[in-house]
Amino acid sequence: MELQSNEQAISRRKRRIRLIFGLFIGLLIVFTLFSSTLMKLTLPKVTLTTSSRGQLVHTFVGSGVVKWKAEVALTNSTGWKVERVKVKVGDLVKKGQSLVTYDNKAAEQQILDEQASVKKLKLSIEEQQKNFIEASHSGDEKSIDNAKHAMKISAIDLDVQERRVKKLQEDLIANRELIAPFDGIIIKANAIEGLASGGGPDVIISNRELGFEFSFLAPADAVAQLEIGAKMGAQVAGSDARQIEGQVEDIRDVEAGDGTETGANNLMKRITVKLKDEAVKGGERVQVELTKTTDDVILVPNNAIHDEGGKKYVFGIEEKDGPLGNTFYTRKIFITIIDSNESLSAVSEGLFDQESIIIESSEPLQDGDKIRL
């Protein structure tokens, strides 16, 4: 009986020891897993995306102001007062039509005064000719030479004075009125009756035959496929919004001093478009949209791309097996970018289609860092 009681006690102790050992092992596993979980929570949290094969699309929006293709500013530089303004803004005029006349009384008086000087010189020359004849009859060589010399000087003075009168007459004809140089429409009429020109143009006239145009600046690569003569649509902005059509008339490099920097990476072109729409009036602001595509490329979001001394790279992920499950590490992948738009870049080397890359991270990353997804 006593022996049986001892065996039962020993059995209970063994069960207790096994239970304690099992609890210890269980707690050890729990603490190991818990510590692993805590450690993972301290790792940088990343968000993944995948590279994809597709088409990179550039959309460029340019803007300009509609204006007459040919505008001529006419002004009077003499300082004469405006006598009469014969046109107003919007008037259609014919070539040779008088637009503005000027008070030229002072100029006419000056011509009369200069013509009087011409008459005096002619009378003086007649007197000198008489003196020359008398000197010739007397045979006095000195008197003859003096008479000849005086006649030559007077002839020169007469020639100068006659040319002065002719120039004044030409200026009077040229400046007594502004004449339309071609059939056109009056864009501005700044002349004010009774006042002299203020330094700016008195009248601005456009050539109706040549119509309207607008120009805008665009990156060279955005217009690489654009050709002179190509059709181009434009959107009129504002309350009168509508689509109009034009034709590319000129494409040229932006010159130095044109207000836009140029260089290897930002060469700009100025595109001039002739409008065919007869409803435009001038002054409208228009917008054009140009699209450029790069086909069959690997696309990567721009915010996944990093720079290292001019070299571009992304962070990929590398998965490794571990006793407590798979672990993930960063892997720096250098790439070659051939084109970019506002949100995506086209990659020619370094990545494959559907390759996982890190797009966001809770902390700055280095190559080989352990991460959590």
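How many helices and how many strands are there in the chain? Before counting, keep in mind that what you're looking at is a predicted model. The count for the chain is 3 helices and 21 strands.

Now take in the chain as a whole. Of its 373 residues, 29% are buried. On the outside, the accessible surface adds up to about 23600 Å², and carbon and sulfur atoms account for 52% of that. What about who touches whom? Take the contacts between residues at least 6 apart in sequence: 73% of them link residues at least 24 apart.

Let's zoom in on helix α1, which covers residues 2-41. Arg 16 sits in this helix, and is Arg 16 buried, partly exposed or exposed? Its relative accessibility is 47%, so Arg 16 counts as partly exposed, because that label is for values between the 20% and 50% cut-offs. Arg 16 also has company: together with Arg 12, Arg 13, Lys 14, Arg 15 and Arg 18, Arg 16 forms a positive patch on the surface.

Next stop, helix α2, made up of residues 105-138. Here you'll find Lys 120. Its relative accessible area is 63%, and exposed means over 50%, so Lys 120 is exposed. Now look for Leu 158 as well. How far apart are Lys 120 and Leu 158 in space, C-alpha to C-alpha? The answer is 9.2 Å, although 38 residues separate Lys 120 from Leu 158 in sequence.

Technical notes
Residues are numbered from 1 along each chain as its sequence is written. This is a predicted model: local features need pLDDT of at least 70, side-chain atom pairs count only at pLDDT 80 or more; totals for chains, interfaces and linings use all residues. Side-chain values use heavy atoms; hydrogens and water are left out. Patches are made of residues with over 30% relative accessible area and no salt bridge: like charges are joined within 9 Å, nonpolar side chains (Val, Leu, Ile, Met, Phe, Trp, Tyr) within 5 Å. Accessible areas come from the Shrake-Rupley method with a 1.4 Å probe; for residues, only the protein chains shown count as cover. A salt bridge is a side-chain nitrogen of Lys or Arg within 4 Å of a carboxyl oxygen of Asp or Glu. Lys and Arg count as positive and Asp and Glu as negative; His and the chain ends are not counted. The place of a charge is taken as NZ of Lys, CZ of Arg, CG of Asp or CD of Glu. Helices (H or I, at least four residues) and strands (E, at least two) are DSSP runs, numbered from the N terminus. Buried means under 20% relative accessible area, exposed over 50%, partly exposed in between (1.4 Å probe, protein chains only). Contact means heavy atoms within 4.5 Å.
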